[in-house]
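Please look over the sequence and the model shown here before reading on. The report below follows a few groups of residues through the fold.

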Amino acid sequence: QVQLVESGGGSVQAGGTLRLSCAASGATVNSNCMGWFRQAPGKEREGVAAIGRDGTTTYADSVKGRFTLHVDYVKNTLYLQMNTLKPEDSAMYYCAAARAWSCPTAEATMDPQNFRYWGQGTQVTVSS
């Protein structure tokens, strides 16, 4: 019912920037229940930045001060502005949304299991 399409990934040098986009369609999605996750080869999928049901945004410690979430309510699009990228940021980045009736609290948004709908991912590669 909910479709999420990511875009904006690419290859950049360390210190560079990228802006990822997640366009939601097919159903009304509560922006308070959406976020970004990433998964590097051989590693678990981890939360990067997400908005909980109270509207509070949670960022992974590793990206605080560098990544920022933005919401375009008209376009129903969630953006992830990534600045000062590091090689360790390299991963497949996924947009995710929770079902409205199970929207996670801010403290629970970093757990991928709290999200039902997923995009196909967009690759981010940061070289040094």
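The text that follows takes up the aromatic residues, then the nonpolar cores, and then some individual polar residues and backbone angles.

**Aromatic residues**

This is a predicted model, and it holds three aromatic pairs. One of them joins Phe-37 and Phe-115, whose rings meet edge-to-face with 5.0 Å centre to centre and 70 degrees between the planes. Because Phe-37 belongs to strand E4 (residues 34–39) while Phe-115 sits in the loop between strand E9 (91–97) and strand E10 (117–118), this pair ties together parts that are 78 residues apart in sequence. Phe-37 and Phe-115 are buried.

Another pair is formed by Tyr-94 and Trp-118, with ring centres 6.5 Å apart and planes at 80 degrees, so that this pair is edge-to-face as well. Here Tyr-94 lies in strand E9 and Trp-118 in strand E10, and the pair therefore ties together parts that are 24 residues apart in sequence. Tyr-94 is buried, with a relative accessible area of 14%, whereas Trp-118 is partly exposed, its relative accessible area being 25%. Taken together, Phe-37, Tyr-94, Phe-115 and Trp-118 form one aromatic cluster.

A charged group also belongs in this picture: the charged end of Arg-45 sits over the ring of Tyr-94, 3.9 Å from its centre, and the charged end of Arg-45 likewise sits over the ring of Trp-118, 4.8 Å from its centre.

**Gln-39 and its surroundings**

Arg-45 leads on to Gln-39, since the side chains of Gln-39 and Arg-45 make a polar contact of 3.3 Å. Gln-39 is placed in strand E4 and is partly exposed, with a relative accessible area of 27%. The side chain of Gln-39 also reaches the backbone oxygen of Lys-43 at 3.0 Å. Setting aside neighbours within four places in sequence, Gln-39 is in contact with Glu-44, Arg-45, Ala-91, Met-92 and Tyr-94. The C-alpha atoms of Gln-39 and Trp-118, which are 79 residues apart along the chain, are separated by 13 Å.

**Nonpolar cores**

The largest nonpolar core has 28 residues, and those with the most contacts inside it are Leu-4, Trp-36, Leu-80, Met-82 and Tyr-93. At least two residues of this core come from each of strand E3 (18–25), E4, strand E5 (46–51), strand E7 (67–72), strand E8 (77–82), E9 and strand E11 (122–127). Met-82, apart from neighbours within four places in sequence, is in contact with Gly-16, Thr-17, Leu-18, Leu-20, Arg-66, Phe-67, Tyr-93 and Val-124. A second, separate core of seven residues includes Phe-37, Ala-50, Ala-96 and Phe-115, and Phe-37 and Phe-115 are also members of the aromatic cluster described above.

**Buried polar residues in loops**

Which residues does Asp-89 touch, not counting residues up to four places away in sequence? They are Arg-38, Val-63, Arg-66, Phe-67, Thr-84, Val-124 and Val-126. Asp-89 is placed in the loop between E8 and E9 and is buried, with a relative accessible area of 1%. Thr-109, in the loop between E9 and E10, is buried too, with a relative accessible area of 0%. Not counting residues up to four places away in sequence, Thr-109 touches Phe-37, Ala-50, Ile-51, Gly-52, Thr-58, Pro-104 and Phe-115. The polar partners of Asp-89 and Thr-109 are set out below.

| Side chain | Partner | Distance |
|---|---|---|
| Asp-89 | side chain of Arg-38 | 2.9 Å |
| Asp-89 | backbone nitrogen of Lys-86 | 2.8 Å |
| Thr-109 | backbone oxygen of Ala-106 | 2.7 Å |

**Positive phi angles**

Two backbone angles remain to be described. Asn-76 is not a glycine, and yet has a positive phi of about 55 degrees; Asn-76 lies in the loop between E7 and E8 and counts as partly exposed at 24% relative accessibility. Thr-84, which is not a glycine either, has a positive phi of about 45 degrees. Thr-84 is placed in the loop between E8 and E9 and is partly exposed, with a relative accessible area of 45%, and Thr-84 is one of the residues that Asp-89 touches.

Terms used:
Residues are numbered from 1 along each chain as its sequence is written. Side-chain values use heavy atoms; hydrogens and water are left out. Rings of Phe, Tyr and Trp (its six-membered ring) pair if their centres lie within 6.5 Å; planes under 30 degrees apart count as stacked, over 60 as edge-to-face and the rest as tilted. Helices (H or I, at least four residues) and strands (E, at least two) are DSSP runs, numbered from the N terminus. Buried means under 20% relative accessible area, exposed over 50%, partly exposed in between (1.4 Å probe, protein chains only). A charge sits over a ring if NZ of Lys or CZ of Arg is within 6 Å of the ring centre and within 35 degrees of the ring normal. Contact means heavy atoms within 4.5 Å. A polar contact is a pair of N or O atoms within 3.5 Å; within protein, one must be able to donate a hydrogen and the other to accept it, and residues adjacent in sequence count only if both atoms are side-chain atoms. A nonpolar core is a set of buried Ala, Val, Leu, Ile, Met, Phe, Trp, Tyr and Cys residues joined through side-chain atoms within 4.5 Å.
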